Amino acid sequence: MVDRPPEAVIVDRGYRHFEGTRKGRRGAMGAVVRDGFRRVLGLRRKGRRKILPWTLITMMLISVAVLSALHYAANRVGVTDLVADELPHHREYFEFISRIALLFVAFATPELLVPDREQGVLAVYLSRPLRTLDYLAAKGMSLGILFMAFLLIPQTIFHLLLGVFSPDGFTTYMVDNLDVLWQVPAASLVYFLGFASVALIIATLIPRVGFAAGIFLGVMIMFNGLAEFFAEVADFGGSEYGTLIAFESNPHLVRDWIFGVTNDVYPLTRAGLEPWMALAAIIGISILAVALAWNRYRRLS
């Protein structure tokens with residue numbers, strides 16, 4: 001007797017075509033942006049993923065509360081000279097929150113870029129309709145929105161509270177300080193370009209999140225030291241242009257330029273260069289970072 005093969009069984013698994021709205025490139029980019037927010041802030045992730053970002057956010061909020069309280073106390077006791085000359089205002093407040101923002105960028109940029117390469121999911125992201133440039137633009141939007149919020153939210157709270165505490169009244173203070181409305185966003189954008197461009201280069205080349213964050217902080221410190229060498233020690237033709245590699249201090253210099261303050265504490269100014277050259281260096285590094293990332297991810301895709 002010859003064994004006959006079993007009869008074929010057809011099982012209805014309930015598969016059906018997608019009937020929702022197809023959002024195309026814009027929808028795909030929006031999904032990547034939202035995923036970037038969740039990654040960086042640790043949303044829907046394990047508790048240990050939330051520790052660093054929310055610690056930095058808490059430090060930022062505490063700093064604006066403490067600084068505002070100092071201004072409030074000084075105004076209450078009528079020490080107007082102290083408020084005007086000694087207590088930090090918007091320009092000086094950048095000194096503190098930009099340090100926190102530097103740590104934020106060191107953590108956030110590799111967290112946005114490295115895991116997709118490490119886990120081999122780029123092919124999924126870069127399937128149509130999302131292109132390489134769309135992917136990088138969406139990641140940049142995630143980082144840019146979070147970074148700008150990191151600087152602008154405390155500065156906005158600080159500005160409003162200064163108006164509330166002002167002895168001249170809220171409206172008068174706001175009218176007298178209209179220049180802050182462009183100076184603070186402009187300085188924040190400079191900090192973003194100055195810090196994120198270097199972090200992007202490193203996150204593009206280094207395959208581990210923690211390693212990339214450590215190298216970024218090391219590069220910012222080391223290159224500032226090299227810029228100090230070019231400003232103080234080096235004595236050969238064109239050595240002053242070596243100060244342009246002060247990636248950490250150049251945004252501070254441009255910030256002072258925006259606020260109309262002249263300061264010789266930076267390597268570039270001590271070498272005799274103009275502040276606009278620091279801005280040009282920041283823009284140049286930003287263009288280089290985008291070009292490098294695009295070329296790298298185009299090859300990976």
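Start where helix 4 meets helix 9: the two make a right-handed crossing. This is a predicted model.

**Stop 1: helix 4 and helix 9**

Select residues 209-232 to show helix 9, then add helix 4. Their axes cross at roughly 140° and come within 8 Å. Helix 4 is therefore oblique to helix 9. Angles over 145 degrees would count as roughly antiparallel.

Now show the side chains at the contact. On helix 4, pick L102, L103, V105, A106, P110, E111, V114 and P115. On helix 9, pick V209, A212, A213, F216, L217 and M220. Colour them by class. You should find 13 nonpolar residues, 1 charged residue and no polar ones.

**Stop 2: helix 1 and helix 4**

Keep helix 4, residues 90-118, and bring in helix 1, residues 24-41. What is the angle between helix 1 and helix 4 here? It is about 125°, with the axes 9 Å apart. Helix 1 and helix 4 are therefore oblique to each other. The crossing of helix 1 past helix 4 is right-handed.

Which residues make the contact? Helix 1 brings G36, R39 and V40. Helix 4 brings F104, F107, A108, E111, L112, P115 and D116. By class, this contact holds 6 nonpolar, 1 polar and 3 charged residues.

Two residues deserve a second look. E111 and P115 of helix 4 are in the contact with helix 1, and E111 and P115 are also in the contact with helix 9.

**Stop 3: the largest pocket**

Move on to the largest pocket, which holds about 370 Å³ of space. Select L136, G140, F192, L200 and V290: of the 18 lining residues, these are the closest to the pocket centre. Helix 4, helix 6 (132-165), helix 8 and helix 12 each give two or more residues to the lining.

Which helix supplies the largest share of this lining? Helix 6 does, with 6 residues. Colour the lining by class. There are 13 nonpolar, 4 polar and 1 charged residues.

**Stop 4: the cavity**

How many cavities of 30 Å³ or more does the structure hold? There is 1. The largest cavity contains about 50 Å³ of space.

To see its walls, select L193, G194, S197, V198, L244, A246, F247, N250, P251, A281, I282 and I285. Then show the helices behind them. Helix 8 (180-205), helix 10 (250-258) and helix 12 (275-300) each supply at least two residues of this lining. Helix 8 gives the most, with 4 residues.

Charged or uncharged walls? The lining of the largest cavity has no charged residues; it has 9 nonpolar and 3 polar ones.

**Last view**

Finish with helix 8 and helix 12 together. Helix 8 and helix 12 both give two or more residues to the lining of the largest pocket. Each also supplies at least two residues to the lining of the largest cavity.

Key
Residues are numbered from 1 along each chain as its sequence is written. This is a predicted model: local features need pLDDT of at least 70, side-chain atom pairs count only at pLDDT 80 or more; totals for chains, interfaces and linings use all residues. Side-chain values use heavy atoms; hydrogens and water are left out. Axes are lines fitted to C-alpha atoms, for helices over the stretch in contact, and angles run from 0 to 180 degrees between N-to-C directions. Angles under 35 degrees count as roughly parallel, over 145 as roughly antiparallel, 65 to 115 as roughly perpendicular and the rest as oblique. A crossing is left-handed if the near helix is turned anticlockwise from the far one by less than a right angle, and right-handed if clockwise. Contact means heavy atoms within 4.5 Å. Ala, Val, Leu, Ile, Met, Phe, Trp, Tyr, Cys and Pro count as nonpolar, Asp, Glu, Lys and Arg as charged, and the others, Gly among them, as polar. On a 1 Å grid over the protein atoms alone, a cavity is a set of points where a 1.4 Å probe fits but cannot get out, and a pocket is an open set with protein on both sides within 12 Å along at least five of seven lines; lining residues have an atom within 4 Å of a point. Grid points are joined across faces, edges and corners, and a volume is the space filled by probe spheres set on the points.
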